[in-house]
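Visitor: I am new to this structure. Please pick one small part, look at it closely, and then lead me outward from there.

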Amino acid sequence: MREDKIALICVIAKYARPWQEESTQSCRNFALSRIFFVRFCQPAVHPATLCAGMGRAKRHPGAREDGNLSVKARLTCIASMAIIAALFSISIRYVRDFWLLAYVNSFQLHIAVLAALACIICFFVLRSRLFVALLAWSLVLAAHAVSMQYDFVTDRQYPAAAKPFRLMSFNVLRENRRSAESIADAILSSQADVVYIMEAAALRSVLPRLQQTYPYRLGCGAGTQSCDLLMLSKRPLRDAKIGTLSYVSPERAGFAQIDLDGVTLNLAQVHLTKPYFDENHGEELLNLSYVLKNMKGPVILGGDFNSASVVPDMRRFMENVELEKVSWEPATWPIKAGRFGIAIDHVFARKPATLISVQRMPNNLGSNHYGLTADFMIAAQ
């Protein structure tokens, strides 16, 4: 029985019946124009053999007596092509880093796992060996997505003289003014030494309250009139400035230094553009790498990157700047996905700053992101 196999070229039977009325040449031309689909759905049958001659054309095993494909054959083709399209979209990265699919690459593990489950279900329901090959493809992509979670991971090794440091990073959502007091409560209870806030306009009303604990700040009237980035600190900020990484997202990078008991610690905060806006996301990362590579001593980088760390441009950036992260970063978006979402908000460190842990805040407090708290040990260079 070969009813589980399918050749899309047989679909013409629906529109050109009976087969005997089609000439050998016209049928062969039609078949060759669709050879791509035939190779996927019926690799064992060459298009020319389907139209060996007038009155002698082979009927596909999945077709009924009237020339139409069976329901099973149609479902096999539809399901296999859908799975192939999904896997192809996350496989292009291995040939070329295409910005239009950068957003999709953040979901590589999710797409690969769902495709594998779909292959298993389709195999048992439709009994096509094609789904075995697609399952293998899915598992390879899923395995690589898992292995990338362990790249650039902190070793958590630091000298005995290193000093503890805590950072809080949170995209609070610009329109989330009604949660300003709750967010302020979370900031004050976090015991963070420095706080990075993105889309900080929502917190304008609670700035006086926050200033009692964090008297030093950058953003929202300090250093710039814009209020997308807000850097709060318990210690004086030195050389604090707001920068622009691309014309798409002006004034969405903040840099400063603090003196941590004799150790100069470099602070960097960013809110990058979304990766599907042309190649601007990669350009912003490239410009950011120039800034960070010129910094001497320990560096702590955090913020909303709008991309997972497994995406090619993020991986190049981390390797170039020698940044470290935790394995299996906490998912911060989308909110409804909970722990099964993706990490697009990150906290990174460069030696001699050692990243110890990153925890997700238990409540999103009205934002469309979860916030993060991270602990470090900071040593002198």
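Guide: Start at Pro352, in the loop between β9 and β10 (353–360). Keep in mind that this is a predicted model. The peptide bond running from Lys351 to Pro352 is cis. Its omega is near 10°.

Now step back into β9. This strand covers residues 345–350. It belongs to an open sheet of 5 strands. Read across, the order is β5-β6-β7-β8-β9, and the pairing is mixed. β9 stands at one edge, and β5 (238–243) stands at the other. Each edge strand has a single partner, so one side of each has no neighbour in the sheet. Neighbouring strands in this sheet are turned by 15° against each other on average, direction ignored.

Cross to the far edge. There β5 pairs with β6, which spans residues 253–260. The two run in the antiparallel sense, joined over 4 bridges. Gly243 stands opposite Ala253 of β6.

Return to β8, residues 299–304. The loop between β8 and α12 (312–321) holds Asn306. Look at its backbone: phi is near 55°, a positive value in a residue that is not glycine. Is Asn306 buried or exposed? Its relative accessibility is 11%, so Asn306 counts as buried. What does Asn306 touch, leaving out residues up to four places away in sequence? The list is His271, Leu272, Thr273, Lys274, Pro275 and Ile344.

Glu199 makes a good companion to Asn306. Phi of Glu199 is near 55°, and Glu199 is a residue other than glycine with a positive value. Glu199 sits in the loop between β2 (194–198) and α10 (207–211). With a relative accessibility of 11%, Glu199 counts as buried.

Next comes another cis bond. Between Trp333 and Pro334 the peptide bond is cis, with omega about -10°. Pro334 lies in the loop that links α12 to β9. That brings us back to the strand before Pro352.

Move on to Tyr158. Find it in the loop between α8 and β1 (163–171). Its relative accessibility is 41%, so Tyr158 counts as partly exposed. Apart from neighbours within four places in sequence, Tyr158 is in contact with Thr354, Ile356 and Met377. Tyr158 and Ile378 are 220 residues apart in sequence. In space, their C-alpha atoms are 8.0 Å apart.

Follow the chain back from that loop into α8. This helix covers residues 130–148, and it packs with α7. How are two packed helices described? By the angle between their axes and the distance between the axes. For α7 and α8, the angle is about 155° and the axes are 8 Å apart. α7 is therefore roughly antiparallel to α8. The crossing of the two is left-handed. α7 brings Gln108, Leu109, Ala112, Val113, Ala115, Ala116, Cys119, Ile120, Cys122, Phe123 and Leu126 to the contact. Among the α8 residues they meet are Phe131, Leu135, Leu139, Ala142, His144 and Met148. By class, the residues of this contact are 20 nonpolar, 3 polar and no charged.

α7, residues 108–126, packs with α5 too. α5 covers residues 71–91. Here the angle is about 165°, and the axes are 10 Å apart. So α5 and α7 are roughly antiparallel to each other. Their crossing is left-handed. On the α5 side, the contact is made by Lys72, Leu75, Thr76, Ala79, Ile83, Ala86, Leu87 and Ile90. On the α7 side, the contact residues include Gln108, Ile111, Ala115, Ala118, Cys119 and Leu126. This contact divides into 13 nonpolar, 2 polar and 1 charged. Gln108, Cys119 and Leu126 of α7 are thus worth a second look: they appear in the contact with α5 and in the contact with α8.

Finally, take in the whole protein. It has 12 helices and 11 strands. Of its 381 residues, 52% are buried. Now take the contacts with a separation of 6 or more. Residues 24 or more positions apart account for 68% of them. Tyr158 with Thr354, Ile356 and Met377 is one place to see contacts on the model.

Key: Residues are numbered from 1 along each chain as its sequence is written. This is a predicted model: local features need pLDDT of at least 70, side-chain atom pairs count only at pLDDT 80 or more; totals for chains, interfaces and linings use all residues. Side-chain values use heavy atoms; hydrogens and water are left out. Axes are lines fitted to C-alpha atoms, for helices over the stretch in contact, and angles run from 0 to 180 degrees between N-to-C directions. Angles under 35 degrees count as roughly parallel, over 145 as roughly antiparallel, 65 to 115 as roughly perpendicular and the rest as oblique. A crossing is left-handed if the near helix is turned anticlockwise from the far one by less than a right angle, and right-handed if clockwise. Contact means heavy atoms within 4.5 Å. Ala, Val, Leu, Ile, Met, Phe, Trp, Tyr, Cys and Pro count as nonpolar, Asp, Glu, Lys and Arg as charged, and the others, Gly among them, as polar. Two strands pair if DSSP finds at least two bridges between them. Buried means under 20% relative accessible area, exposed over 50%, partly exposed in between (1.4 Å probe, protein chains only).
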